[in-house]
Amino acid sequence: METTNKKGFILRSLDVIERVGNKLPHPVTLFAIFSVMVVLLSAVFSAMGVKVADPMNEGEFLTVKNLLSKEGIAYLFESAVTNFTGFAPLGTVLVTMLGIGIAERTGLISAALRGLVTSVPKQLLTAALVFGGVMSSMAADAGYVVLTPLGAVLFAGLGRHPLAGLAAAFAGVSGGFSANLLLTSLDPLLGGLTKDAAAIFDPAYAENINYAMNYYFMIVSVFLITIVGTLVTDKIVEPRLGTFKGDVKEEVEYLSAVEKKGLWGALISIIITAIGIALLVIPEWGPLRGGEENIINAPFFHSLVPVILILFFVPGFVYGRITKSIKDDKDVADQLSDTMATMGSYIVLAFVAAQFVAYFKESNLGLVLAVNGAELLESTGFKGIPLILAFIVISGFINLFIGSASAKWAIMAPVFVPIMMQIGYTPEFTQLVYRIADSTTNIISPLMPYFAIVIAFAQKYDKKVGIGTLIATMLPYSIALTIAWVAMLIIWMLLGIDIGPGSSIYMPK
């Protein structure tokens with residue numbers, strides 16, 4: 001079982017990545033450094049007279065603005081607050097988390113996940129764990145703390161190796177983090193960053209981007225990940241682990257009567273709520289239809305943040321009332337406050353990230369980099385599928401060092417989204433490719449925030465489990481998910497299907 005005594009090249013490389021990654025500054029510090037670098041580079045390139053042809057206005061040129069000039073310094077001070085308050089992902093994430101926080105803190109999401117994986121036939125347990133893990137991304141942390149240990153307990157109860165159950169759940173939660181049958185907080189979080197990045201190149205196009213931009217692709221991805229995760233667990237991981245010889249015995253925490261009653265109440269409430277929202281959208285007179293013939297152009301797709309809030313808040317509130325985790329309005333207020341309290345680190349990160357993105361746009365460095373980067377790629381003939389594969393490799397490699405999906409995308413989006421737009425790919429598609437790369441390497445990144453917690457869960461069954469053991473166990477999932485997801489992406493590209501409502505792969509000509 002112990003794999004860390006004689007490590008192969010891959011595990012030694014990942015050990016190096018862990019040591020290097022641990023020495024990187026905090027993401028807040030990274031963005032502060034990048035912001036300063038943008039300011040300094042703007043002064044250098046402005047003095048050099050760097051300019052490029054304006055892609056939006058034929059015959060005109062764009063020059064780099066010096067942010068250390070008299071006007072530039074005034075901008076740095078005057079825009080600091082508006083850069084922060086106008087940062088697209090800030091409000092969207094905080095609003096969606098109000099609804100998701102109620103659903104999580106009342107126990108609804110935990111009960112729903114436990115109910116799913118404990119009620120299926122034992123032949124479908126692996127698939128249920130992977131599927132439940134993928135769906136748990138509706139409340140980012142729930143899958144790690146609920147499903148991962150529960151998967152181990154359920155497998156042990158059936159006489160199967162508990163670490164295989166833990167791995168299956170971990171693969172679904174982390175490897176399938178971007179996919180879901182529902183819109184989650186990740187959609188507006190990444191979508192806001194994508195819109196801001198797209199505005200660097202084409203503000204008019206960015207204005208019409210909606211947060212459901214990857215929805216069609218991610219719905220299909222849920223089933224792909226479930227199938228791949230199940231096959232890898234049953235055919236590769238569990239046979240490799242062999243027969244479990246430990247003596248750890250734990251009781252499975254099945255749903256209580258009041259939890260089941262709460263889940264039924266929540267289900268009924270969400271159906272009623274969904275019907276109510278549908279009546280605002282589907283009929284021609286619906287206020288969220290806005291008189292549009294094509295529903296994709298309706299105000300609904302620009303109102304997804306409050307819709308997500310309502311669809312999580314209502315069932316969460318109903319569940320809380322039934323199970324008595326909400327007794328009065330004070331409990332609701334306290335739970336909402338607790339949710340916002342957990343967002344403190346994100347708010348700090350958003351402030352410095354907002355300055356970086358704003359400086360990048362104001363200085364014109366984003367456009368200059370996009371035009372020159374696109375010309376460089378075109379000169380090498382690096383286009384189409386090879387270009388997409390290269391971007392996946394770059395994104396996945398960066399993910400090994402920086403665990404936060406939003407932090408990475410806040411750094412990468414202002415650079416890669418404009419370049420890909422210049423080449424002909426939409427911001428929506430670029431974001432989709434990033435999400436694939438980010439998810440598939442989460443499960444082998446020792447710097448992923450919950451990696452250490454998963455190791456702790458595993459050590460209950462095998463004290464010798466370490467970083468090398470877990471990476472060796474999860475590596476088949478990472479490889480298989482990457483191959484399958486990229487193959488699906490290539491097929492999608494060849495068919496030219498929209499990846500979300502009103503979201504195509506290629507820029508309009």
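Let me begin with a word we will need throughout: a residue is called buried when its relative accessible area is under 20%. With that cut-off in hand, please keep in mind that what we are looking at is a predicted model.

My topic today is the salt bridges, of which the structure holds six, and I will take you through some of them one at a time. As general background, side chains of opposite charge can pair when their charged atoms come close.

The pair I would like to show you to start with is glutamate 238 and arginine 160, whose side chains meet in a salt bridge with a nitrogen-to-oxygen distance of 2.7 Å. Glutamate 238 belongs to helix α12, which covers residues 215-241, while arginine 160 sits in the loop between α8 (142-157) and α9 (162-175), so this pair ties together parts of the chain that are 78 residues apart in sequence. Are these two residues buried or exposed? Arginine 160 has a relative accessible area of 19%, and because the cut-off is under 20%, arginine 160 counts as buried. Glutamate 238, with a relative accessibility of 15%, is buried as well.

Let us move on to arginine 435 and aspartate 187, which form a salt bridge in which the closest N and O atoms are 3.2 Å apart. Here arginine 435 comes from helix α20 (residues 427-442) and aspartate 187 from helix α10 (residues 186-201), so the parts tied together by this pair are 248 residues apart in sequence. Both partners are again buried, since arginine 435 has a relative accessible area of 1% and aspartate 187 has one of 5%.

Helix α20 also takes part in another pair, because aspartate 438 lies in helix α20 and forms a salt bridge with lysine 408, with 2.8 Å between the closest N and O atoms. Lysine 408 itself is found in helix α19 (residues 405-423), and the pair links distant parts of the chain, 30 residues apart. Lysine 408 and aspartate 438 are both buried.

Which residues are joined into one network by salt bridges that share partners? They are Arg160, Asp234 and Glu238, and you will recognise in that list the arginine and the glutamate whose side chains meet at 2.7 Å.

Finally, let me return to helix α10, where we also find phenylalanine 201, a residue that is buried with a relative accessible area of 8%. Phenylalanine 201 and valine 352 are 151 residues apart in sequence, and their C-alpha atoms are 22 Å apart in space.

Terms used:
Residues numbered from 1 in each chain as written. Predicted model: local features only at pLDDT ≥ 70, side-chain atom pairs only at ≥ 80, totals over all residues. Heavy atoms only, no water. Salt bridge = Lys/Arg side-chain N within 4 Å of Asp/Glu carboxyl O. Helix = DSSP H or I, 4+ residues; strand = E, 2+ residues; numbered from the N terminus. Buried < 20%, exposed > 50% of the residue type's maximum accessible area, 1.4 Å probe, protein only.
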